[in-house]
Amino acid sequence: MKAVPGQIVTLRGRGMNKFNFYLADCEIVKAEGERGPETTVEKLVSELDTDVAGAVAKYTGKHCILSGEVAEVEKDRLILKSAGDWKLKVNFEFSRKKQSENVKPGDTITAIGEVAIAPGIKELFLRDAELLSGNETSK
């Protein structure tokens, strides 16, 4: 189970009390609250082509769940296939790079991350992304 900033979570873990009490080996057992917008590459590119300012206001700085077909696989990012001029990049932080090891061009993925849009160069970034589906063989 995944959670995004702003959600309230219930965790399960081992209680540790070396100097301060903390939970170790935690897992999220419940997440409540808004997860953010969920969309596809096709719908998002259509929104960007129709109303860039509106799409920037709607998505920038928010966590979004994005689904699409992989066009390219790079060392720390996936480039999603887009029918328009927009380039959509799914970027992974260092600790999550292994998630994309078994992803290849043509695969369909769903990822969650924080959206950053650069309208001047027609690029959208899903930052600090985490794959929700599309990497089943790496689990």
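Here a biologist and a modeller talk through the core, salt bridges and first helix of a predicted model.

Biologist: Let's start inside. Which residues of the largest nonpolar core touch the most other members?

Modeller: That core has 24 residues. Helices α1 and α2 and strands β4, β5, β6, β7 and β8 each supply at least two of them. The ones touching the most other members are L78, L80, L88, V90, I109 and L126.

Biologist: Take I109, then. Which residues is I109 in contact with, leaving aside its neighbours within four places in sequence?

Modeller: I109 is one of the residues touching the most other core members, and L78, L80 and V90 are on that list too. Those three also turn up among its contacts. The full set is L66, S67, G68, V70, L78, L80, V90, V103, L131, S133 and G134.

Biologist: On to charges. How many salt bridges does the model have?

Modeller: The rule asks for a side-chain nitrogen of Lys or Arg within 4 Å of a carboxyl oxygen of Asp or Glu. K104 and D107 are one such pair, with the closest N and O atoms 3.5 Å apart. By this rule the count is 10.

Biologist: K122 and D85 make a salt bridge. How many residues apart in sequence are the parts this pair ties together?

Modeller: The closest N and O atoms of K122 and D85 are 3.7 Å apart. K122 sits in the loop between β7 and β8, while D85 is in the loop between β5 and β6, so the bridge links parts separated in sequence by 37 residues.

Biologist: And E123 with K89: are these two buried or exposed?

Modeller: Their side chains meet in a salt bridge at 3.4 Å, N to O. E123 is in strand β8 and K89 in strand β6, so the pair ties together parts 34 residues apart in sequence. The cut-off for buried is under 20% relative accessible area. E123 comes in at 15% and K89 at 13%, so by that cut-off both count as buried.

Biologist: Back to K104 and D107. Which relative accessible area does D107 have?

Modeller: K104 is partly exposed at 49% relative accessibility. Its partner D107 is buried. The value for D107 is 17%.

Biologist: Last one, the helix α1. Which exposed residues sit on the face turned away from its buried side?

Modeller: The buried residues of α1 are V41, L44, V45 and L48. They cover an arc of only 100° around the axis, which puts them on the same side of α1. The face turned away from that side carries E42, K43 and T50.

Notes. Residues numbered from 1 in each chain as written. Predicted model: local features only at pLDDT ≥ 70, side-chain atom pairs only at ≥ 80, totals over all residues. Heavy atoms only, no water. Core = buried A, V, L, I, M, F, W, Y, C linked by side-chain atoms within 4.5 Å. Buried < 20%, exposed > 50% of the residue type's maximum accessible area, 1.4 Å probe, protein only. Helix = DSSP H or I, 4+ residues; strand = E, 2+ residues; numbered from the N terminus. Contact = heavy atoms within 4.5 Å. Arc of directions from axis to C-beta.
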